[in-house]
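Student: Hey, can you walk me through this one? I'd like to start with the ligand.

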Amino acid sequence: TKNNVDIGSIFGLDVGGTLSKLVYFEKSSPHSNSHTSPFLDSRRRQNSDIPTFPTSPQTSPKNPPSEPRSKDTSNLPPPSPTHNHPLKRINSLNSLHRHSHRAALDEFYKFANEHNTFGQSGIKEPHLSFQSRSLGGSFHFIHFETRHMPSAIDLISENGLAQNIKNMGCTGGGAHKYSEMWRSRVNINMIKQAEMASLVAGIEFVLKSLVGECFTFKPQRSPVTSSSSSPRKITEEEWSRKVQRDSIRDRTTYPYIVVSIGTGVSFIRVDGPGPSQFERVTGSTIGGGTYWGLCRLLTDCETFSDVLQLAEMGDSGKVDMLVKDIYGTNPEALRKLKLPGNIVASSFGKLATKNNPSDGIDQKDLARAILMMTTNNIAHIAYLTARLYKTSRIYFIGNFLRHNNVSCQRLSYSINYWSNGTVEGLFLEHEGYLGALGAFLLGQE
Ligand code: ADP
């Protein structure tokens with residue numbers, strides 16, 4: 001259908017150095033009964049206008065959208081004899097527009113809801129979808145590799161979706177880099193939103209609105225054993241219990257630090273809920289791109305999830321030089337140093353002292369050591385940043401953390417360790433989509 005209306009306001013696109021993230025908002029139709037989702041009612045936070053995460057059941061070919069598709073304009077009733085009256089005429093034009101708008105939206109929703117994968121690398125994450133009562137619809141999340149942008153644009157064009165998208169809210173460095181490609185190939189205008197402002201808008205929205213969004217990791221067991229009054233030392237291996245962190249106090253105290261671990265890393269201090277109450281205070285070049293880039297060089301893994309699985313089985317101690325490798329295990333010497341013997345003194349340092357550095361080392365050990373090196377460096381800067389700005393909350397976000405429990409647990413553990421339990425490392429379920437979500441939200445204002 002050539003509806004010739006702009007449905008671009010339902011999107012937020014975040015084009016990053018490695019991944020592009022797309023949020024689309026599925027407006028409830030006037031006939032929709034989507035607010036009766038059992039998830040919505042069972043998980044609703046009391047006194048909250050906007051509930052719910054997780055969310056509405058996904059629509060799929062087997063489970064089509066509950067609302068009837070709106071009619072195409074060609075099915076509208078013939079104009080009444082009084083249609084020449086100016087007011088009537090405007091109303092009838094508006095209604096025509098509304099109908100074609102709804103038809104265009106439904107056309108897109110049908111396409112997007114019926115697939116969970118798109119093109120070469122596009123993946124929808126149905127478990128992240130959620131409903132928003134106050135905004136009257138639900139959010140859905142898709143990502144794809146930025147290097148496949150030309151085919152993503154072709155996919156939109158080939159499926160006839162481009163004719164109804166004229167402007168699209170967009171953020172991330174690629175909002176600038178790919179803007180001309182979108183315009184020339186499909187005549188879609190990128191409406192640019194500032195990257196950090198989008199990120200913070202997305203974070204503030206999920207923190208204030210969604211139940212079950214925020215979590216951390218804690219030790220499996222309490223540090224004090226029942227048989228002894230002295231605190232038992234918690235080892236890092238035990239720091240693996242996922243705990244929800246949804247209390248109101250946690251979500252309304254400022255400042256807090258955001259550590260966005262994408263291709264590179266940004267450290268942002270958020271001072272309040274307002275749109276410009278934040279500052280990007282520093283950054284690090286050692287981020288998710290470093291990890292993935294080095295792993296592509298040093299392992300045979302073809303995908304990011306393969307390399308994470310490999311790293312889970314590896315032993316970084318074969319590669320990293322530990323404090324005890326330098327000092328030995330003499331307890332007196334370690335006590336004077338005030339550092340535990342099994343802490344890393346130099347990432348990859350052990351390889352520098354071997355005749356043949358690759359002797360006895362597998363790809364899995366390298367993958368693990370690169371993961372720990374990247375994560376430790378981020379943890380340390382995050383801790384120092386939190387100290388500098390006197391805050392007890394650090395939110396770690398970005399797709400580096402996607403399905404990456406090893407890093408999340410290490411971040412929780414090290415922040416707790418270095419801060420003596422006074423600072424907490426926190427994580428968000430929508431970790432990779434906050435910029436895209438924010439770009440959508442800022443576009444509505
Ligand atoms: P950016 O906006 O800079 O692309 P993201 O927050 O999307 O940042 O994170 C990108 C990082 O996420 C990559 O550098 C990599 O470490 C990790 N990652 C997670 N999933 C994938 C994937 N499927 N392909 C490539 N990298 C991935």
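Tutor: Sure. One term to begin with: a residue is near a molecule if one of its heavy atoms lies within 4 Å of it. Keep in mind that this is a predicted model.

Student: Okay, so how many residues surround the ligand?

Tutor: There are 15 residues around the ligand, and the closest are Thr18, Lys21, Thr263, Gly288 and Asn399.

Student: What lies 2.6 Å from an oxygen atom of the ligand?

Tutor: That's a polar side-chain atom of Thr263. Thr18 puts a backbone N or O atom 2.9 Å from a ligand oxygen, and for Phe400 a backbone N or O atom lies 3.3 Å from an oxygen atom of the ligand.

Student: And how much of the ligand does the protein bury?

Tutor: The protein buries 88% of the 570 Å² that the ligand exposes when taken alone. The space the ligand takes is the largest pocket.

Student: Switching topic: which helix gives the most to the shell?

Tutor: Helix 8 does, with three residues. Helix 8 spans 288-298, and strand 2, at 19-27, also supplies at least two shell residues.

Student: Which domains does the shell draw on?

Tutor: At least three residues come from domain 1 (8-71 + 100-197 + 435-444), and at least three from domain 2 (214-319 + 361-428).

Student: Last one: how do the shell residues divide into nonpolar, polar and charged?

Tutor: Nine are polar, five are nonpolar and one is charged.

Notes: Residues numbered from 1 in each chain as written. Predicted model: local features only at pLDDT ≥ 70, side-chain atom pairs only at ≥ 80, totals over all residues. Heavy atoms only, no water. Polar contact = N/O pair within 3.5 Å; in protein donor to acceptor, adjacent residues only side chain to side chain. Areas by Shrake-Rupley, 256 points an atom, 1.4 Å probe, with all protein chains shown as cover. 1 Å grid on protein atoms, 1.4 Å probe; cavity = no way out; pocket = protein on both sides within 12 Å on 5 of 7 lines; lining within 4 Å. Sits in = over half its atoms within 2 Å of the grid points. Helix = DSSP H or I, 4+ residues; strand = E, 2+ residues; numbered from the N terminus. Nonpolar A, V, L, I, M, F, W, Y, C, P; charged D, E, K, R; others polar. Domains from an automatic or database assignment.
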